[in-house]
Amino acid sequence: MDKSNIRILVLDDDPFMLKLVARMLAGLGFSSVVTCDSGAAALKQLEGAGNPPNLILLDLVMPEMDGIQFVRKLVEYHYVGSLVVLSGENERMLQVAEKLIEAHKIPVLGYLKKPVSLDDLAGLLGDLHPGDGENRHALPQLARRDRAHRPHARPTENQKTHSRADVTS
């Protein structure tokens, strides 16, 4: 798999988190990474993008436009990629957010609790590749379901990585 073909947008209001996640993604081989510190900046990025991101890593709690409000805007923009939710919120809140996002017909590959660890990020994004066919911007949903059974995707003691399969079982 050529990870350089996967376009990723990281949206978080915390500059440290933006740098941290961008460096982790680069270390994992993802070279097409854009960071934005607000929902408005991310929407401007989407407006100007000839090739929108395949994947958005999205913080839920941000000033002015929170993650759920941003998702509503993604629906208006007819976004066809996938999301990973990043947040320091409790697990129940992350599960509710994931269901709300999926109700908008945007696939959620999973969620990561902050602070994000390299192992958890690698476990969640390990099998990603651009989709083929009509929806070339989307990532396959099959990768999300397989992730729950990968040994290196297990959470550390202080962190948890969740896939939809974990939430619905």
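The exercises below work through a predicted model of one protein chain, each with a solution in steps.

**Exercise 1. Confidence along the chain**

Determine which element has the lowest mean pLDDT and which the highest, and state how the chain scores on average.

*Solution.* Begin with the chain as a whole, whose average pLDDT is 79, with 75% of the residues scoring at least 70. Turning to the elements, strand 1 (residues 7–11) has the highest mean pLDDT, 97, whereas helix 6 (residues 142–147) has the lowest, 36. Next, consider the stretch of residues 132–169, over which the pLDDT is below 50, although in the model this stretch has 88 contacts beyond near neighbours in sequence. Where pLDDT is low, the predicted coordinates should not be read in detail.

**Exercise 2. The two sides of helix 2**

Identify which residues of helix 2 (residues 39–48) are buried, and explain why they can be said to line one face.

*Solution.* First list the buried residues of helix 2, which are Gly39, Ala42, Leu43 and Leu46. Then look down the axis of helix 2: the buried residues fall within an arc of 100°, and therefore they line one face of the helix. The face turned away from this buried side carries the exposed residues Lys44, Glu47 and Gly48. Finally, ask what the buried residues of helix 2 pack against; their partners are strand 1, strand 2 (32–36) and helix 3 (67–76).

**Exercise 3. Strand pairing and crossovers**

Trace how strand 1 is joined to strand 2, and how strand 4 is joined to strand 3 and to strand 5, giving the handedness of each crossover.

*Solution.* Start with strand 1 and strand 2, which run parallel and are joined by five bridges; in this pairing leucine 11 stands opposite cysteine 36 of strand 2. Between these two strands the chain passes through helix 1 (residues 15–27), and the resulting β-α-β crossover is right-handed.

Continue with strand 3 (residues 55–59), which is joined to strand 4 by five bridges in a parallel arrangement, with isoleucine 56 standing opposite leucine 83 of strand 4. Here the chain crosses by way of helix 3, and the β-α-β crossover is right-handed.

Last, five bridges also join strand 4 to strand 5 (residues 108–113), again running parallel, and valine 84 stands opposite glycine 110 of strand 5. The connection runs through helix 4 (residues 91–103), and this β-α-β crossover is right-handed as well.

**Exercise 4. The surroundings of strand 4**

Decide whether the two faces of strand 4 (residues 82–87) are covered or open, and say how many of its residues are buried.

*Solution.* In a regular strand the side chains alternate between the two faces of the sheet. Applying this, take Ser82, Val84 and Leu86 on one side of strand 4 and Leu83, Val85 and Ser87 on the other; all are buried, and both faces are covered. Six of the six residues of strand 4 are thus buried, so the strand is largely enclosed by the rest of the structure.

**Exercise 5. Salt bridges**

Using a cut-off of 4 Å between side-chain nitrogen and carboxyl oxygen, find how many salt bridges the model holds, and classify the residues in them as buried, partly exposed or exposed.

*Solution.* The count comes to three salt bridges. Consider first aspartate 12 and lysine 114, whose closest N and O atoms are 2.6 Å apart. Aspartate 12 lies in the loop between strand 1 and helix 1, and lysine 114 in the loop between strand 5 and helix 5 (118–125), so that the pair links distant parts of the chain, 102 residues apart. Aspartate 12, at 0% relative accessibility, counts as buried, while lysine 114, at 21%, counts as partly exposed.

The second bridge joins aspartate 59 to lysine 114, at 3.2 Å between the closest N and O atoms. Because aspartate 59 lies in strand 3 and lysine 114 in the loop between strand 5 and helix 5, this pair ties together parts that are 55 residues apart in sequence. Aspartate 59 is buried, at 3% relative accessible area. Taken together, Asp12, Asp59 and Lys114 are linked in a network of salt bridges.

The third bridge, at 3.9 Å from N to O, is that between glutamate 76 and lysine 73. These residues are three apart in helix 3 and therefore separated by about one helical turn. Glutamate 76 is exposed, with a relative accessible area of 52%, whereas lysine 73, at 32% relative accessibility, counts as partly exposed.

Conventions
Residues numbered from 1 in each chain as written. Predicted model: local features only at pLDDT ≥ 70, side-chain atom pairs only at ≥ 80, totals over all residues. Heavy atoms only, no water. pLDDT = per-residue confidence, 0-100. Helix = DSSP H or I, 4+ residues; strand = E, 2+ residues; numbered from the N terminus. Contact = heavy atoms within 4.5 Å. Buried < 20%, exposed > 50% of the residue type's maximum accessible area, 1.4 Å probe, protein only. Arc of directions from axis to C-beta. Pairing = 2+ DSSP bridges. Right-handed = clockwise from strand over helix to strand, strands pointing away.
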